[in-house]
Amino acid sequence: MEVFQKEIKLSAKGRGFHLVTEEILSGFPEISNIESGMFQAFIKHTSAGLTINENADPTVRDDFESHINKMVPENQPYYRHTLEGSDDMPAHIKASLMGTSVQIPITNGKLNLGTWQGIYLCEHRNHGGTRKLVLTAFGVSRNR
């Protein structure tokens, strides 16, 4: 069994849902050493999340952003955690709804995603900055 783990920084992105599959893979080539196993990406932030969804049509990501903003609007009078701006508390709620990690099987040294699947960074702050991910891959080595 091989285990690889590293922390990477995703480039800063504006508010919205962004495909980051290739950015993750380029920062973690160790996945290619695993014949069969599991990959996990964990985001070390409370105002951004990770999810898996369609990687082909960018309107899907636009629709995600539109819908989640309707579900969790800014400037609600009952928000008390507002010190960092009107997007702060909604960003925390949205991040909890989306989740902090994704798990994907590794098969023959590659992420075993569906044809139309990609990893999204769900950036809920207007100016979130770089985001840190802890990436872990483990499984049976290709070099057995």
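Q: Buried means under 20% relative accessible area, and exposed means over 50%. In this predicted model, is S141 buried or exposed?
A: S141 is placed in strand β8. Its relative accessible area is 11%. The limit for burial is 20%, and 11% lies under it, so S141 is buried.

Q: Which residues does S141 touch, not counting residues up to four places away in sequence?
A: S141 belongs to strand β8, which spans residues 131–141. With residues up to four places away in sequence set aside, the residues that S141 touches are E2, N33 and E35.

Q: With which side chain does the side chain of S141 make a polar contact?
A: A polar atom of the S141 side chain also lies 2.9 Å from the backbone nitrogen of N143. The partner asked for is a side chain, and the separation in that polar contact is 3.4 Å. The residue concerned is also touched by S141 in the contact list; it is E2.

Q: What distance separates the C-alpha atoms of S141 and Q103?
A: Along the chain, S141 and Q103 are 38 residues apart. In space, their C-alpha atoms are separated by 18 Å.

Q: What is the order of the strands in the open sheet?
A: Strands of a sheet pair through backbone hydrogen bonds, either parallel or antiparallel. The open sheet here has 5 strands with antiparallel pairing. Its edge strands, each pairing on one side only, are β1 (2–10) and β6 (110–111). The order is β1-β8-β3-β5-β6.

Q: Over how many bridges do β1 and strand β8 pair?
A: Two of the pairs can be named: Q5 stands opposite T136 in β8, and I8 has L133 as its bridge partner in β8. The pairing of β1 with β8 is antiparallel, and the number of bridges is 9.

Q: Which residue in β8 stands opposite M38?
A: Strand β3 (residues 34–43) pairs with β8 in the antiparallel sense over 9 bridges. M38 falls within the residue range of β3. Opposite M38 in β8 stands F138.

Q: How many of the 11 residues of β8 are buried?
A: S141 is one buried residue placed in β8. Strand β8 as a whole is mostly covered, and its buried residues number 8.

Q: Is H124 buried or exposed?
A: H124 is found in the loop between β7 (117–123) and β8. Its relative accessible area is 1%. Because this value is under the 20% limit, H124 is buried.

Q: Which residue has the backbone oxygen that the side chain of H124 reaches?
A: Leaving out residues up to four places away in sequence, H124 touches a list of residues including R15, F17, D87 and M98. The backbone oxygen lies 3.5 Å from the side chain of H124. It belongs to C122.

Q: What is the relative accessible area of E65?
A: E65 lies in helix α2 (residues 58–71). Apart from its neighbours within four places in sequence, E65 is in contact with R15, G16, F17 and E123. E65 counts as buried because its relative accessible area is under 20%; the value is 15%.

Q: Which phi value does N75 have, although it is a residue other than glycine?
A: Most residues other than glycine have a negative phi. N75 sits in the loop between α2 and α3 (88–98), and it is exposed, with a relative accessible area of 60%. Its phi is positive, near 60°.

Q: In which loop is the place of N108?
A: N108 is not a glycine, yet its phi is positive, at about 55°. Its relative accessibility of 41% makes N108 partly exposed. The loop that holds N108 is the one between β5 (101–107) and β6.

Q: How many helices and strands does the chain have?
A: From the N terminus on, the elements run β-β-α-β-β-α-α-β-β-β-β. The chain therefore has 3 helices and 8 strands.

Q: What share of the 144 residues of the chain counts as buried?
A: The accessible surface of the chain comes to about 7,800 Å², with 51% belonging to carbon and sulfur atoms. Among contacts with a separation of 6 or more, residues 24 or more positions apart account for 82%. The buried share of the 144 residues is 38%.

Note on methods
Residues are numbered from 1 along each chain as its sequence is written. This is a predicted model: local features need pLDDT of at least 70, side-chain atom pairs count only at pLDDT 80 or more; totals for chains, interfaces and linings use all residues. Side-chain values use heavy atoms; hydrogens and water are left out. Two strands pair if DSSP finds at least two bridges between them. Helices (H or I, at least four residues) and strands (E, at least two) are DSSP runs, numbered from the N terminus. Buried means under 20% relative accessible area, exposed over 50%, partly exposed in between (1.4 Å probe, protein chains only). Contact means heavy atoms within 4.5 Å. Accessible areas come from the Shrake-Rupley method with a 1.4 Å probe; for residues, only the protein chains shown count as cover. A polar contact is a pair of N or O atoms within 3.5 Å; within protein, one must be able to donate a hydrogen and the other to accept it, and residues adjacent in sequence count only if both atoms are side-chain atoms.
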